[in-house]
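Open the model in your viewer and keep the sequence panel beside it. The stops below say what to select and what is there.

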Amino acid sequence: MKNRFIAGLACLSLAVTIAVPWAVNALASKQSIAANNKQSSLHPIASHVSVIAHRGASAYAPEHTLPAYKQAMQMKADYVEIDLQMTKDGHLIAMHDETLERTTNVEQIYPNRAPWQVKDFTLDEIRQLDAGSWFNKAYPDLAKKEYMGQHVPTLEEAITLVKQQGNGKVSLYMETKAPNIYPGMEEKLINILKRNYVIHDQNLIIESFSEESLRKFKSMAPNVKLIQLYTASMLKGKDVNQEFKRISNYAYGIGPSKELVVPKIMEAAHQNKLVVHPWTVNSQEDMAGLLSLGVDGEFTNAPDKLAGLLK
Ligand code: G3P
Ligand code: CA
């Protein structure tokens, strides 16, 4: 009995002896796999880290004007970002705000039309506005004569410019800014992209804070890359792994405000095959810090700075 007991102990200890290194190895390798995963999440998953010119090269020229888009392309941006609003007569124009007073002289031209909402003006009326002089007044050291009298571009003008001057190296990154106040905006945008033969550009990106707007795109143009934008409040209290798994059925990536980007967000996004494009990154320190976390692109008003870092 005693021998059998000792033999049993010997087998057990042998098993444990064999098992322990394996177990230790397994644990170690599991930890190292997890660590590698973490590490691998802190590298871009996109083949190229994108320079996204936020409202054009808006650090140097009046935002959402043709000179701002031209300078973005001269500064080797991969994308020109275009925020979209819709006029009373259904034209899509490049404009960040839902109202016209911050970036045009609408208060002088139409003093009695407050609150100067884009949706209350026709394209012809908006074409009377100067969308560049405000910049010269706000940034006298960056002022240029050519900015005076710049008009608000239509989306189609912006597309034509990028096609003509982008040498096939610059793509469009368009945001449906307030789709809830512009019924039919998504359909209109898709028709314009088709009419201008850019809908099949593999690099074309549509972005929005509105999941509903993006899902509408997904249903109408399933091959277009979609970026779900996030503010901090949109992610507050959410399990990011679950959230990103959920949106990965329509989104190509996420556009988080830059302060949200920490390893946990990078891991959750990359593990769900979502690219990460933080906004808006203007200091070289922030640019480098985010690149070290493995972001796949950055929105910046200064595309030359980011392009220079990436060189
Ligand atoms: O579209 C990304 C980023 O531009 C979102 O913020 O307000 O600059 O359009 P906003
Ligand atoms: Ca935007």
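Select Lys 88, in the loop between strand E2 (79-86) and E3; helices (H or I, at least four residues) and strands (E, at least two) are DSSP runs, numbered from the N terminus. Lys 88 is exposed, at a relative accessible area of 59%. The terms are set as follows: buried means under 20% relative accessible area, exposed over 50%, and partly exposed in between, with a 1.4 Å probe and protein chains only. Now add Tyr 182: its C-alpha atom is 9.4 Å from that of Lys 88, and the two residues are 94 apart along the chain.

Before going on, note that this is a predicted model, in which local features need pLDDT of at least 70 and side-chain atom pairs count only at pLDDT 80 or more, while totals for chains, interfaces and linings use all residues. Residues are numbered from 1 along each chain as its sequence is written, chains are lettered from A and ligands numbered from 1 in the order in which they are written, and side-chain values use heavy atoms, with hydrogens and water left out.

**The calcium ion**

Select ligand 2, the calcium ion, whose protein donors are Glu 81 (OE), Asp 83 (OD) and Glu 175 (OE) at 2.1 to 2.3 Å. Donors here are N, O and S atoms within 2.8 Å of the metal (3.2 Å for Na, K and Ca); water is not among the atoms, so sites may look incomplete. Along the sequence, the donor residues follow the spacing E-x1-D-x91-E.

What is the geometry of the site of the calcium ion (ligand 2)? The site is irregular, with angles of 62 to 158° among six donor atoms. Four donors count as tetrahedral if all angles lie between 85 and 135 degrees; four count as square planar and six as octahedral if opposite donors are over 155 degrees apart and all others between 65 and 115; anything else is irregular. For reference, ideal angles at a metal are 109.5 degrees for four tetrahedral donors, and 90 or 180 degrees for six octahedral ones.

Colour two of the donor residues by accessibility. Glu 81 is buried because its relative accessibility is 2%, and Asp 83 is buried because its value is 0%.

**Ligand 1**

Next, select ligand 1 and show the residues around it (a residue is near a molecule if one of its heavy atoms lies within 4 Å of it). The shell includes Glu 81, Asp 83 and Glu 175, along with His 54, Arg 55, His 96, Lys 177, Glu 207, Phe 209, Leu 229, Trp 279 and Phe 299. By class, the shell has four nonpolar, two polar and six charged residues. In this grouping Ala, Val, Leu, Ile, Met, Phe, Trp, Tyr, Cys and Pro are nonpolar, Asp, Glu, Lys and Arg are charged, and the others, Gly among them, are polar.

Draw distances from oxygen atoms of ligand 1 to side-chain N or O atoms: 2.9 Å for Arg 55, 2.7 Å for His 96 and 2.5 Å for Glu 207. Taken alone, ligand 1 exposes 280 Å², and the protein buries 91% of that; accessible areas come from the Shrake-Rupley method with a 1.4 Å probe, and for residues only the protein chains shown count as cover.

**Arg 55 and Asp 97**

Stay on Arg 55, in the loop between strand E1 (50-53) and helix H2 (66-74). Its phi is positive, about 65°, although it is not a glycine. Arg 55 counts as buried because its relative accessibility is 15%.

From His 96, step to Asp 97, in the loop between strand E3 (92-94) and helix H3 (106-109). The side chains of Asp 97 and His 96 make a polar contact at 2.6 Å. A polar contact is a pair of N or O atoms within 3.5 Å; within protein, one must be able to donate a hydrogen and the other to accept it, and residues adjacent in sequence count only if both atoms are side-chain atoms. Is Asp 97 buried or exposed? Asp 97 is buried, at 15% relative accessibility.

**Two cis peptide bonds**

Select Trp 279 and Thr 280, which are joined by a cis peptide bond with omega of about -20°. Thr 280 is in the loop between strand E8 (275-276) and helix H12 (284-292). Another cis peptide bond joins Ala 114 and Pro 115, with omega of about 10°. Pro 115 is in the loop between H3 and helix H4 (123-127).

**Around helix H6**

Finish with His 151, in the loop between helix H5 (133-138) and helix H6 (155-165). His 151 is partly exposed, at 22%, and its C-alpha atom is 7.0 Å from that of Thr 65, 86 residues away along the chain. Asn 167, in the loop between H6 and strand E4 (171-176), is exposed at 61%.
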